[in-house]
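Hello,

Here is the structure I promised to pass on to you. Please open it first, and then read my notes below alongside it.

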Amino acid sequence: MAGLSLQHPWAFAFGLLGNIISFMTYLAPIPTFYRIYKSKSTEGFQSVPYVVALFSAMLWIYYALIKTNEILLITVNAAGCVIEIVYIAMYLVYAPKKAKLFTVKILLLLNVGVFGLILLLTLFLSAGEQRVISLGWVCVGFAVSVFVAPLSIIRRVIQTRSVEYMPFSLSLSLTLSAVVWFLYGLLVKDKYVALPNILGFTFGVVQMGVYMFYMNKTPVATEGKEAGKPPAEEEEHVAVNIDKLSPAVPEKSSEMQSVTEMAPAARKCAAEVAAAAENRDMFDIVVSHGHAVGVV
């Protein structure tokens with residue numbers, strides 16, 4: 001076995017390290033799913049990242065089985081399959097009906113339909129080394145498409161001049177993971193493992209460079225936010241001023257007082273909605289980054 005043979009100790013070392021890093025990346029969404037479990041709601045989170053990660057892990061397991069002697073690819077992606085299945089199962093339990101139906105459709109289309117088609121084509125239209133080559137390039141193509149996904153995050157950082165949605169530690173760890181898997185693929189002479197991680201390393205370096213450039217920049221106010229105060233606070237001040245100007249009208253004063261009392265609750269609700277939106281954005285980033293590197 002190339003990955004486990006004592007004649008390739010460095011390949012084994014890098015493969016084992018890649019397993020550890022990728023496994024930790026797969027576990028990154030655990031806090032989010034704990035939150036889903038506690039609230040008994042998916043809170044608007046999407047199921048697509050889990051389904052895509054499951055498909056990717058299945059694809060790499062199939063490649064490793066066809067090629068043989070790729071036990072370290074099997075272990076990390078088998079763990080990934082189990083973890084992603086658990087995530088998807090929890091999502092289906094707590095998601096609303098419409099989201100459940102969409103998730104089932106995507107599962108059937110991608111993980112059953114597309115994967116089944118790849119399985120049949122490679123088994124019946126190719127054989128031996130040609131089968132490995134065909135499947136290898138399919139894996140490379142899919143890995144590259146996943147690696148390109150974080151480009152939207154870089155664009156967002158440039159537009160907002162804020163790095164809050166692109167943590168440096170995450171970019172660094174995923175860049176190191178790409179380096180580790182590239183070295184593993186290089187040492188075992190597997191270009192289909194090595195090639196996509198060159199792209200992963202490149203994007204990782206770009207992300208860290210963008211982070212360093214914008215880390216001390218003043219963020220641009222996003223749409224719907226004022227530079228100073230939220231809309232609810234401004235409404236409260238208007239209500240108080242009117243109340244002071246018309247003390248002789250009791251019914252108006254009581255109406256203004258009720259509006260004033262409602263303003264803090266409105267601010268709190270708006271803050272909770274904004275926090276939930278930011279958590280969803282952060283989770284999508286972690287998932288998209290993690291799946292780009294953790295499966296190869």
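**How helix 3 and helix 6 pack**

The axes of helix 3 and helix 6 (residues 128–148) come within 10 Å of each other, crossing at roughly 155 degrees. Angles over 145 degrees count as roughly antiparallel, and helix 3 and helix 6 are therefore roughly antiparallel to each other. The crossing in which helix 3 passes helix 6 is left-handed. If you would like to look at the contact itself, the residues on the helix 3 side include V52, F55, L59, Y62 and I66. They belong to a set that meets residues of helix 6, among them V132, L135, G136, C139 and F142.

Please keep in mind that this is a predicted model.

**The chain as a whole**

Stepping back, the protein chain has 11 helices and zero strands, so to speak an α-α-α-α-α-α-α-α-α-α-α run from the N terminus on. Of its 296 residues, 40% are buried. Looking at contacts with a separation of 6 or more, 80% are between residues 24 or more positions apart.

**Aromatic pairs**

How many aromatic pairs does the structure hold? There are 13 aromatic pairs. One of them joins Y62 and F115: the ring centres are 6.1 Å apart and the planes stand at 70 degrees, so this pair is edge-to-face. Y62 lies in helix 3 (residues 48–67) and F115 in helix 5 (residues 97–124), so the pair ties together parts that are 53 residues apart in sequence. Are these two residues buried or exposed? Y62 counts as buried because its relative accessibility is 8%, and F115, at 14%, counts as buried too. Y62 is also one of the helix 3 residues in the contact with helix 6.

Another edge-to-face aromatic pair is formed by F213 and Y214, with 4.9 Å from centre to centre and 80 degrees between the planes. Y214 has a relative accessibility of 12%, so Y214 counts as buried. Its partner F213 has a charge over its ring: the charged end of K217 sits there, 4.7 Å from the ring centre.

**Two more places to look**

Which residues form one aromatic cluster? They are F33, Y50, Y87 and Y91. There is also a charge over the ring of Y37, where the charged end of K40 sits 4.0 Å from the ring centre.

Enjoy exploring, and write back with any questions.

Best wishes

Conventions
Residues are numbered from 1 along each chain as its sequence is written. This is a predicted model: local features need pLDDT of at least 70, side-chain atom pairs count only at pLDDT 80 or more; totals for chains, interfaces and linings use all residues. Side-chain values use heavy atoms; hydrogens and water are left out. Rings of Phe, Tyr and Trp (its six-membered ring) pair if their centres lie within 6.5 Å; planes under 30 degrees apart count as stacked, over 60 as edge-to-face and the rest as tilted. Helices (H or I, at least four residues) and strands (E, at least two) are DSSP runs, numbered from the N terminus. Buried means under 20% relative accessible area, exposed over 50%, partly exposed in between (1.4 Å probe, protein chains only). A charge sits over a ring if NZ of Lys or CZ of Arg is within 6 Å of the ring centre and within 35 degrees of the ring normal. Axes are lines fitted to C-alpha atoms, for helices over the stretch in contact, and angles run from 0 to 180 degrees between N-to-C directions. Angles under 35 degrees count as roughly parallel, over 145 as roughly antiparallel, 65 to 115 as roughly perpendicular and the rest as oblique. A crossing is left-handed if the near helix is turned anticlockwise from the far one by less than a right angle, and right-handed if clockwise. Contact means heavy atoms within 4.5 Å.
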